[in-house]
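Work through the exercises below with the structure open. Each task is followed by a solution in steps.

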Amino acid sequence: MPWLIGLIVFTLGPFIASLYLSFTDWRILGAPKWIGFDNYERILTADPLFRKTLANTVYYAIFHVIGVNVVALALAQLLNQKLRGFVLFRTLFYLPTVTSGVATALVFSLMFNGNTGIINAVLRIFGIKGPNWLFSETWTMPALITISIWDLGVPMLIYLAALQNVPVELGEAALIDGANRWQRFRSVLLPLISPTIFFNVMVSVIGSFKVFTLAKVITEGGPANSTLFYVLYLYRQAFESLRMGYATALGWILFLIIFALSALQIYASRRWVYYESGDNV
Amino acid sequence: MSTASIVGTPVAPDKRGHPTKTRLGRAFLYALAIFLGFIFVMPFLWMVMTSLKSRGELNLFPPTLWPIVWSPSNYLRIWAVQNFGQFLINSTVYSVGAVIGTVVSSTLAAYGFARLKFWGREVLFIVLLGTLMLPSQVLLIPQYILFRELGWLDSLKPLVVPTFFGNPFYIFLIRQFLRGLPTSLEEAAVLDGANHWQIFWRIMVPLSKPIIVTVAAFSFVTHWNDYFGPLIYLRNPSRMTASVGLLLFRGDPETVVSWVMAAAVITVIPVVLVFMWTQKYYVQSVASTGGKG
């Protein structure tokens with residue numbers, strides 16, 4: 001079983017080493033120096049950038065998760081109308097997902113360019129003077145969030161599969177009872193696909209805490225650290241400041257945050273996720 | 001599939017005697033789909049159009065979508081500006097190597113988990129699922145140090161070699177597929193005296209074609225687009241893959257965005273082709289497993 005060797009060499013070994021390193025001061029040269037909980041203490045109490053990056057990441061996560069899930073569900077609902085030729089649109093909506101994140105980031109940075117970009121050109125048609133998107137502390141984050149929503153192929157397909165499994169009869173029964181379109185959507189469809197919503201929300205929350213490429217390529221965390229995300233900060237600590245111990249501790253805190261958020265969501269899901277048979281996920 | 005959702009649709013399906021989907025309703029849905037499709041295609045369109053513009057057109061406002069002067073020569077220039085051909089070769093070596101590594105090792109491990117009985121199998125499987133939960137950032141630095149100690153930095157080895165040890169997500173995916181296959185064929189093969197190796201090659205692999213194609217396509221796309229790995233392991237421009245090499249077009253010696261976009265178009269084409277080609281399998285797997293693409 002080569003996987004077993006891989007597990008030990010590339011996962012288990014690094015896992016233990018990582019735990020150890022997070023308690024050391026190590027700048028890659030020389031030997032790691034054991035400093036106990038100092039890294040963690042500094043991160044949690046004396047690192048303003050940690051707080052800044054966490055706040056940025058949460059800001060991004062909230063709007064990214066809502067945006068991606070609402071748009072993906074809406075597109076899935078549209079595709080589920082099963083009109084001729086809609087398979088083509090399914091392909092079209094999925095294409096951004098297989099596109100290189102770097103290429104995506106590069107083309108969007110042109111489109112959002114304040115002086116020559118198409119976004120501001122379109123806004124001008126409506127008489128709006130667009131901001132200098134990528135150089136404004138206020139507008140860069142909304143721009144990045146908008147760009148991130150373009151990549152929604154995976155949740156869209158998962159929603160589509162879920163919608164296709166909703167029995168026709170339920171909608172018909174509601175129709176006969178006089179439910180309008182919104183009521184049918186809100187009271188019949190949403191509860192039935194709530195396990196899928198739960199799954200997609202979980203995945204997108206975890207994904208947004210790991211966001212990296214967009215900010216690295218488009219903004220380098222700027223302007224004024226307004227888009228410095230958690231993983232970008234970790235990357236800088238490790239590979240620009242060469243503070244390996246500190247960066248590793250940041251990695252463990254990220255793990256704990258993701259773990260806690262997942263646990264919280266699983267707990268909260270008992271209130272709103274409806275399982276037909278009570279036990280399947 | 002016999003079931004279809006009508007919830008939230010304008011009207012119910014015709015055959016059931018409900019009001020039919022009106023022509024107007026259909027036209028509206030098509031219009032909506034075309035509008036949204038246009039928004040989704042816009043960045044691709046912008047990429048291609050910008051790559052064909054002449055330099056004087058790049059700073060116009062409002063910008064032109066359609067180039068005034070078509071300059072396909074941008075596509076010739078980029079090979080000389082950066083070592084773009086080498087980037088593409090490196091990307092190909094990385095992606096193809098990683099696909100082979102991932103498919104072979106993950107299929108073997110999945111077969112083990114699905115069919116072989118060995119001591120500790122259940123525990124190991126839970127460990128496997130556990131590693132899926134772990135963010136890669138936790139392991140990042142020790143792995144980096146390991147490859148540094150091995151003298152593998154600035155080569156494709158740290159990117160390709162680990163794929164030969166299996167990917168937990170794909171192992172899980174293939175195992176689920178294998179468990180859905182009937183065991184009667186294997187039992188017949190065992191009666192004929194086949195060993196595990198023969199069963200694996202002659203029976204499991206041919207039957208698993210759909211899932212193997214899916215995993216191969218997933219991993220090609222993932223590795224071709226990989227940015228983080230090449231970013232930290234590769235330094236020398238001659239070693240770069242296309243995904244990181246694209247960025248070298250910025251500001252060296254000056255940023256000509258039409259060149260950047262021409263290189264981006266060429267970088268995007270292979271994955272789009274692979275996706276189109278394997279779409280049938282791909283879409284099914286994403287939908288049923290929540291795969292990453």
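**Exercise 1. The contact between the chains**

Task: Determine how many residues of chain B are in contact with chain A, and which helix of chain B gives the most to that side.

Solution. In this predicted model, 72 residues of chain B are in contact with 83 residues of chain A. Next, list the helices on the chain B side: helix 1, helix 3 (84–115), helix 5 (136–149), helix 10 (209–225), helix 11 (228–233) and helix 13 (257–289) each supply at least two residues. Of these, helix 13 of chain B gives the most, with 14 residues. Last, sort the residues on the side of chain B that touches chain A by type: 50 are nonpolar, 20 are polar and two are charged.

**Exercise 2. The domains of chain B**

Task: State the domain bounds of chain B, then describe the side of domain 1 that touches domain 2.

Solution. The domain assignment splits chain B into domain 1 (20–75) and domain 2 (83–289). Taken over C-alpha atoms, the centres of these two domains of chain B are 33 Å apart. Contact between them involves ten residues of domain 1 and eight residues of domain 2. On the domain 1 side, helix 1 (23–51) and helix 2 (74–81) of chain B are the elements that give two or more residues. Helix 1 of chain B provides the largest share, four residues. By type, this side of domain 1 has four nonpolar, four polar and two charged residues.

**Exercise 3. Backbone geometry in a loop of chain A**

Task: In the loop between helix 11 and helix 12 of chain A, examine the backbone at A:Glu220, A:Pro223 and A:Asn225.

Solution. Start from the usual case: most residues other than glycine have a negative phi, and most peptide bonds are trans.

- Step 1. A:Glu220 is not a glycine, yet its phi is positive, about 55°.
- Step 2. A:Pro223 sits in the loop between helix 11 (213–218) and helix 12 (230–239) of chain A, and the peptide bond joining A:Gly222 to A:Pro223 is cis, with omega about -10°.
- Step 3. A:Asn225, also not a glycine, has a positive phi of about 60°.

Task: Are A:Glu220 and A:Asn225 buried, partly exposed or exposed?

Solution. A residue is buried at 20 or more C-beta neighbours within 10 Å, exposed at 12 or fewer, and partly exposed in between. A:Glu220 has 13 such neighbours, so A:Glu220 counts as partly exposed. A:Asn225 has 17, so A:Asn225 counts as partly exposed.

Technical notes:
Residues are numbered from 1 along each chain as its sequence is written. Chains are lettered from A and ligands numbered from 1 in the order in which they are written. This is a predicted model: local features need pLDDT of at least 70, side-chain atom pairs count only at pLDDT 80 or more; totals for chains, interfaces and linings use all residues. Domain bounds come from an automatic or database domain assignment. Two residues are in contact if their C-beta atoms, placed from the backbone, lie within 7 Å. Ala, Val, Leu, Ile, Met, Phe, Trp, Tyr, Cys and Pro count as nonpolar, Asp, Glu, Lys and Arg as charged, and the others, Gly among them, as polar.
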